[in-house]
Amino acid sequence: MIEKTITETLAEYYMPYSAYVILQRAIPQIDGFKPSQRRILYTMHKMGLTHNTTRRKSQGVVGQTMFLHPHGDMAIYDTLVRMTKDNGAFLIPYIDSKGSFGKVYSRDMQCASARYTEVRLMPIAQELFKDINKNAVDMIDNYDNTMKEPLLLPVTFPTILINPSSGTAVSMSSGIPSFNLNEVIDFTIAYLKNPDVKVTDYIKIPDFPTGGVVIFDEKEFEKIYETGRGSIKIRAKYYFEGDSIIIDEIPYTTTIEAIMDKITELIKNGKIKEVVDMNDLEGINSKGLEIKVKHGTNKELLMNKLFKLTPLEDTFSCIFNIVVNGKPQVLGIKQVIHEWLKFRANCIKRSKQFDIDKKSRERHLLLAFKKVILDIDKAIEIIKGSKNDEVIPQLIEHFGIDKEQAEFIAEIKLRNLNKEYMIEKINRIETLTQEIEQLQELVTNKVKLAKYIINELEEVKRKYGQERKTQMIMKDDLETFSDEEVQVEDYNVRIFVTKEGYLKKIPAISLRGNANIKLKDGDEIVAEYETTNNSDILIFTDKRNCYKLKTYEINDHKPSVLGEYLPTLLKLKDEEILFIAVTRDYKEKLIIGFDDGKVAKIELSAYETKQNRSMLKNAYADKNAIFFHVITDDVDIMTISSINKVVVFNTSMINSKTSRTTIGVQIMKSKNDSVVRRYYKLDGDHPEKEYYQIQSAGVGKYLRKGDFANILDKRN
């Protein structure tokens, strides 16, 4: 029996596991590959499966890869499938495939078994292994120390940005979209010439394997490219044909089946009534989805509605998390290219040093040859007159050469001791000297090294560059429609908000005769709103942000389900929800009480935006807000301070403002450094409120025993 504390156990067992998952499974390295991908490609390279050879069964590749990758054959095969041309998951596929490999845009189209499919490397794959046999990268032992494998591949172009990559490790994740090869190479060359170059001058948007249309917001993309974090909105590409909408390219993040399932759900729930049929167009020469609609349907309006309610418009979450020098780091595009250039420069230096060493050795031997041929007859005499074990020492002593040179001289064949051979070898010395000097200059001269990398990149672009698949539309150029135009089905709903952050949208009809609202143990309802399906939900947080949701964007819930967990829905990080408001026309007013005793009355229309933005920053003044309430008519509010002073005021005392960041009007003055502890809206009849009522700012009166007891007992 071994006794250990839980912290010791976690440190000893869980931390190594976490490090393994991060470094050896989920997060790509600077060469653009995860270990499983790298091992498959290297195995195919060692098997000689180049683009000009015949394909081999995938099962054989999987079997050979298992000598390097200590995981099951299906895990290896699944990884291989995603790198194939036929699957379409990679913008630049590395594996030329034959057979059924499924499709990245289809959930249900499965790949055939590995024994039925065949593979070989694509032509561009030769760029992954350049000079790998010249010590360009470190070779390490495999998992059982029986073979060597490359720690990284000496890729000649920034593969890390060329193909999409995603993975989830312990406590961290990675999500890197693919970018067009031509654009990445152009930027890399420009960066080499001028590190201050702007990324968006060369790389506007990602280029996804499934095409589609990216919505371009310059500020958002500049932030993503600088920090490596953010989100990209992608929508389907479509055209009209009679009474049909043809979706021929979909977002990379979804599948045809997921889109069809969502549209079917909307039809069943009565939210979409224009669609009469759907057909999956997947075939030998076609792909996509056909949506047949009723005659006379405004198809642009319908597409706008489908973008809002289905994965036809989706989001790719970016986090450029890459393992660099054994450490995961989130980098912007410039930093990624900078690290890749350092890596590539090191690969070139190592391979050229290998050539220098090889040529230097040859030159070293030929220098001995040059010395010996001046007295070749004496060398022959020594060899003829010496015993086997005396030849080398005699040559060393007579000609002043080392053992390696003597061995080389002794092995020269008699047939080569002719004038032509000797002149050729002597001239070779001069050639080698020049080549070594050039290689040494390349290794030590940064300018020449940069030119060498540029030449490599230009050659890759010339051979393998391709037109982009994904199109771009400016955010400001998007055609927008009002809710009325989009024809969102409107019906009465009730919104419930719980203390732990759950939100339920329940149709009024579902509440008839069923008042039992399911909650998590210990949770409680803190707010309830009667509204319609065509309203806006405003969510205020402690980071002064206001998140906006359309009611119809939230699925209808049954009373028996928990509902949407808002922190997850809004992707909140270190951000606490303070208040939720629901409005149809933005005609209400928002009351915000701060702990400094000031109260702001803001026109709710200040939060209405024409662009349907999902989040507003600086939603209120940069102060500690402790009270929010939405009103249509003025109300009485009670304020209690940290020293138990009380003030009751009517909101008519405060003029409403259209600025979201108004600092408010002073209602309760501070005494002895007191601050406001709570605000309460007064409902019903409270005879004692006249005692505390004020008409202008004041410090208030001390709370009398028994006053507002029901309110304070209930809400404290």
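**Exercise 1. The hairpin of β21 and β22**

Find which residue in the hairpin of β21 and β22 takes a positive phi, and describe how the two strands pair.

Solution. The model is predicted.
Step 1. Four residues lie between the strands of this hairpin, and R544 takes a positive phi near 65 degrees.
Step 2. β21 and strand β22 (residues 546-550) run antiparallel and are joined by five bridges.
Step 3. As an example of the pairing, F540 stands opposite C546 in β22.

**Exercise 2. The surroundings of β21**

Determine which strand other than β22 is treated here as a partner of β21, and over how many bridges β21 and β24 pair. Then state how many residues of β21 are buried.

Solution.
Step 1. β21 pairs with strand β24 (residues 577-583) in the antiparallel sense, over six bridges.
Step 2. F579 in β24 is the bridge partner of F540. F540 also stands opposite C546 in β22.
Step 3. Six of the six residues of β21 are buried, and the strand is mostly covered.
Step 4. Sort the residues by direction: D536, L538 and F540 point one way from β21, while I537, I539 and T541 point the other way. The residues of both groups are buried.

**Exercise 3. N534 in the loop before β21**

Locate N534, decide whether N534 is buried or exposed, and give its C-alpha distance to S670.

Solution.
Step 1. N534 is in the loop between β20 (525-532) and β21 (536-541).
Step 2. The relative accessible area of N534 is 11%. Buried means under 20%, so N534 is buried.
Step 3. Along the sequence, N534 and S670 are 136 residues apart; in space, their C-alpha atoms are 43 Å apart.

**Exercise 4. A second hairpin**

Describe the pairing of β10 with β11 and name the residue with a positive phi in their hairpin.

Solution.
Step 1. Strand β10 (residues 237-241) and strand β11 (residues 244-249) run antiparallel, joined by five bridges.
Step 2. Y239 stands opposite I246 in β11.
Step 3. The hairpin has two residues between the strands, and G242 takes a positive phi near 65 degrees.

**Exercise 5. Positive phi at N618 and D673**

For N618 and D673, give phi, the place in the chain and the class of accessibility.

Solution.
Step 1. Most residues other than glycine have a negative phi.
Step 2. N618 is not a glycine, yet has a positive phi of about 50 degrees. D673, also a residue other than glycine, has a positive phi near 60 degrees.
Step 3. N618 is found in the loop between β27 (615-616) and β28 (625-631), and D673 in the loop between β31 (665-666) and β32.
Step 4. N618 has a relative accessible area of 41% and is therefore partly exposed. For D673 the value is 75%, so D673 counts as exposed.

**Exercise 6. An open sheet**

Give the order of the four strands in the open sheet that holds β32 and β33, and explain why one side of each of these two strands has no neighbour in the sheet.

Solution.
Step 1. The order is β32-β29-β30-β33, with antiparallel pairing.
Step 2. β32 (676-681) and β33 (701-702) stand at the edges and each has a single partner strand, so one side of each is left without a neighbour in the sheet.
Step 3. Strand β30 (residues 645-650) pairs with β33 in the antiparallel sense over two bridges. There, V646 stands opposite K701 in β33.

**Exercise 7. Two packed helices**

Describe how helix α9 packs with helix α13, and classify the direction of α9 and α13.

Solution.
Step 1. Helix α9 (residues 333-373) and helix α13 (residues 419-444) have axes 9 Å apart, at an angle of about 150 degrees.
Step 2. Angles over 145 degrees count as roughly antiparallel, and α9 and α13 are therefore roughly antiparallel to each other.
Step 3. The crossing in which α9 passes α13 is left-handed. The contact residues of α9 with α13 divide into 14 nonpolar, three polar and 10 charged.

**Exercise 8. Cysteines**

State how many disulfides the structure holds, and classify C111 and C347 by accessibility.

Solution.
Step 1. The number of disulfides is zero.
Step 2. C111 has 26% relative accessibility and so counts as partly exposed.
Step 3. C347 has a relative accessible area of 2%, so C347 is buried.

Technical notes:
Residues are numbered from 1 along each chain as its sequence is written. This is a predicted model: local features need pLDDT of at least 70, side-chain atom pairs count only at pLDDT 80 or more; totals for chains, interfaces and linings use all residues. Side-chain values use heavy atoms; hydrogens and water are left out. Axes are lines fitted to C-alpha atoms, for helices over the stretch in contact, and angles run from 0 to 180 degrees between N-to-C directions. Angles under 35 degrees count as roughly parallel, over 145 as roughly antiparallel, 65 to 115 as roughly perpendicular and the rest as oblique. A crossing is left-handed if the near helix is turned anticlockwise from the far one by less than a right angle, and right-handed if clockwise. Ala, Val, Leu, Ile, Met, Phe, Trp, Tyr, Cys and Pro count as nonpolar, Asp, Glu, Lys and Arg as charged, and the others, Gly among them, as polar. A disulfide is a pair of cysteine sulfur atoms within 2.5 Å. Buried means under 20% relative accessible area, exposed over 50%, partly exposed in between (1.4 Å probe, protein chains only). Two strands pair if DSSP finds at least two bridges between them.
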